[in-house]
Amino acid sequence: MIVSTPDLAVAKAALTAALLRDDPTPVPRGAIEDGIDLIDRTLDKCSHENVQECKNWIAANIVHSHGRTTTFGKFMVALSESMEDDFDRPSVRRRRLHVLYIISDVLHHVVVRLGNAGFGALWGAQLPDMVMAASFFDKSPKHIAKVRDLLDIWEEKHYIPTALLERLRETVSLASDKHSGYPIFPKDEETAHTKSAPRKEPYIHGDPSLPWHEQPAGCWLPHLKRGSATPIRPDQIRPLTIYPGPNDEELDRLVDETIREVEDIYRPKPLAEIAETSRLVRFQKPQQEPQQKPQQKLAPAPLGSIPSATQLVQSQSEPQLQPQPQSATKPISQTSLVQSISFAVPLGAASASTSVSPLTLS
C-alpha cells in the first residue's frame, strides 16, 4: 500500500484532476485508481508482466498529453520520496529503482517504437529527483551500479538529451557520496527558518506553456462579468500577472491554519498512543441493555368457574351490595346503647310513650 504523505496526496490529486479533463478524452475515475494500484503492485513485484501493464496504461492515458506527462512525473517524484521501510515489502532502494524501470520502459516505447524523440526532454524537471531518490544509498555499491547501468542504456538508446544525461550522472555521484553535502531530505533545522520567513506571492498565476483549458480557475475571474451573456473567448484566458505588494494578514493566517491542519493529519502518532487506542478499542465492553422481566402468563380459569351469559346480564342489572366493613372495636352492650340513645333524645320531648325499654331492643 502506498504510504500517504502531504506531497504525495497533492500530487495524486493533481494527477487525478489532469486525467479527468478532456485531454483529449477524460479517463474514468475507476480506471485512474486501477492504474495507481497497478503502479503500487509493480513497485512491490517488478516482474515483466507488471511492467508491461504499467507501460500500456501510461501509454494509453498519459504520454499523448504534455500536461499529463508533467503531472505524472511530479506524481512519480512524490511517490519515490514517500517510501518508508516496511518488513512486508521490498526495501526502499529496490522500490525506488523499480520506479526508474517503469520510466525506462515508457521511454523505450515512446522514443523507439512511436518515434517521438522529444519525449525524453519532457522529463528534464522530474528525472533528476527520481534518480537522486534512487541513489541516496552510500553503503549499497551494487545498487548504485544498477542505477549507472540504467543510465548507460539510456545513453545508448538515446532516450534523453545528452545534457540531461550528464546531469543525471552528476546527481548519482553526489547523492551516493555522504561527504558531498548533498542530502536528499533537508533536516528540520534547515527548514525551520523557511517556515518562519515571510511569504511572497508568485509573480504569475498559471502556466504559459499549458492551453487555456488547463489553466487554474482563477484565470477566468477577469473575464466573468455580472449579467453578461457574451461568451468568453478561449484565447483571452491566460496566466495572471501578480504585482508585488504586502500580503494580507488574514490570508497569511488562513494559510498557516491550513498548513497546521495538514501536518496534524499526516503527523506520525507515537507507538504508545497507537497502542493505548487499540487497547481501549479491543477491551471496551459493549453496553448491555437492561434485561426485561418476563411477563407472567395467567393460567386459564377452569371451565366451571366461567359465568354464563345470563349470569353476566343479571349481575349487571341487579345492584350489588357492598359488604360493610366490620368494626374493629368491641361489641356494644344493650345497657350502654340505651344510655346513648337517652342522651341523644332532647329532654322536653321525652315522654312515657317514647320510653324505650331494653326488652324492645332485643
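Which residues touch the most other members of the largest nonpolar core? Keep that question in mind for a moment. This is a predicted model. Now the answer. The core has 50 residues, and F72, F75, M76, L127, M130, W154 and I160 touch the most other members. Where do its residues come from? Eight helices, α1, α2, α3, α4, α5, α6, α7 and α8, each supply at least two of them. Helix α5 gives the largest share, with 10 residues. A general point helps here. In soluble globular proteins, nonpolar side chains tend to be buried together.

Take one member, L127. Setting aside neighbours within four places in sequence, L127 contacts I103, W154, I160, L164 and L168. W154 and I160 are also among the core residues that touch the most other members.

Let's step back to the whole chain. The protein has 362 residues, and 26% of them count as buried. Its secondary structure comes to 14 helices and two strands. Look at the contacts between residues at least 6 apart in sequence. Of these, 69% join residues at least 24 apart. The exposed surface is about 26400 Å², and carbon and sulfur atoms supply 57% of it.

Next, some buried residues that are not nonpolar. Start with K55, in helix α3, residues 48-61. Is K55 buried or exposed? K55 counts as buried because its relative accessibility is 6%, and the cut-off for buried is under 20%. What does K55 touch? Beyond four places in sequence, K55 touches D105, V106, H109 and R113. K55 also sits 6.9 Å from I102, C-alpha to C-alpha, although 47 residues separate them in sequence.

One of those partners deserves its own look: H109. H109 is in helix α5. Its relative accessible area is 16%, so H109 is buried too. Not counting residues up to four places away, H109 touches K55, A59 and L114.

Now Q126. You find Q126 in the loop between α5, residues 92-113, and α6, residues 127-135. Q126 has a relative accessible area of 5%, so this loop residue is buried. Leaving out neighbours within four places, Q126 contacts T70, G73, K74 and V77.

K74 brings us to a pocket. The second largest pocket holds about 370 Å³ of space. It is lined by 16 residues, and the closest to its centre are A14, G67, T71, K74 and L210. Which helix gives the most to that lining? Helix α4 does, with six residues. Both α1, residues 6-20, and α4, residues 66-81, supply at least two lining residues each. By class, the lining has five nonpolar, five polar and six charged residues.

Last, two backbone details. Most residues other than glycine have a negative phi, and most peptide bonds are trans. Here are two departures. First, the peptide bond from D23 to P24 is cis, with omega near -5°. P24 is in the loop between α1 and α2. Second, H158 is not a glycine, yet it has a positive phi of about 60°. H158 lies in the loop between α7 and α8. Is H158 buried or exposed? H158 counts as exposed because its relative accessibility is 61%, and the cut-off for exposed is over 50%.

To close, go back to the model and find helix α5. It gives the core its largest share, and it also holds H109. Then follow H109 across to K55.

Technical notes:
Residues numbered from 1 in each chain as written. Predicted model: local features only at pLDDT ≥ 70, side-chain atom pairs only at ≥ 80, totals over all residues. Heavy atoms only, no water. Helix = DSSP H or I, 4+ residues; strand = E, 2+ residues; numbered from the N terminus. Buried < 20%, exposed > 50% of the residue type's maximum accessible area, 1.4 Å probe, protein only. Contact = heavy atoms within 4.5 Å. Areas by Shrake-Rupley, 256 points an atom, 1.4 Å probe, with all protein chains shown as cover. 1 Å grid on protein atoms, 1.4 Å probe; cavity = no way out; pocket = protein on both sides within 12 Å on 5 of 7 lines; lining within 4 Å. Points joined across faces, edges and corners; volume = space filled by probe spheres on them. Nonpolar A, V, L, I, M, F, W, Y, C, P; charged D, E, K, R; others polar. Core = buried A, V, L, I, M, F, W, Y, C linked by side-chain atoms within 4.5 Å.
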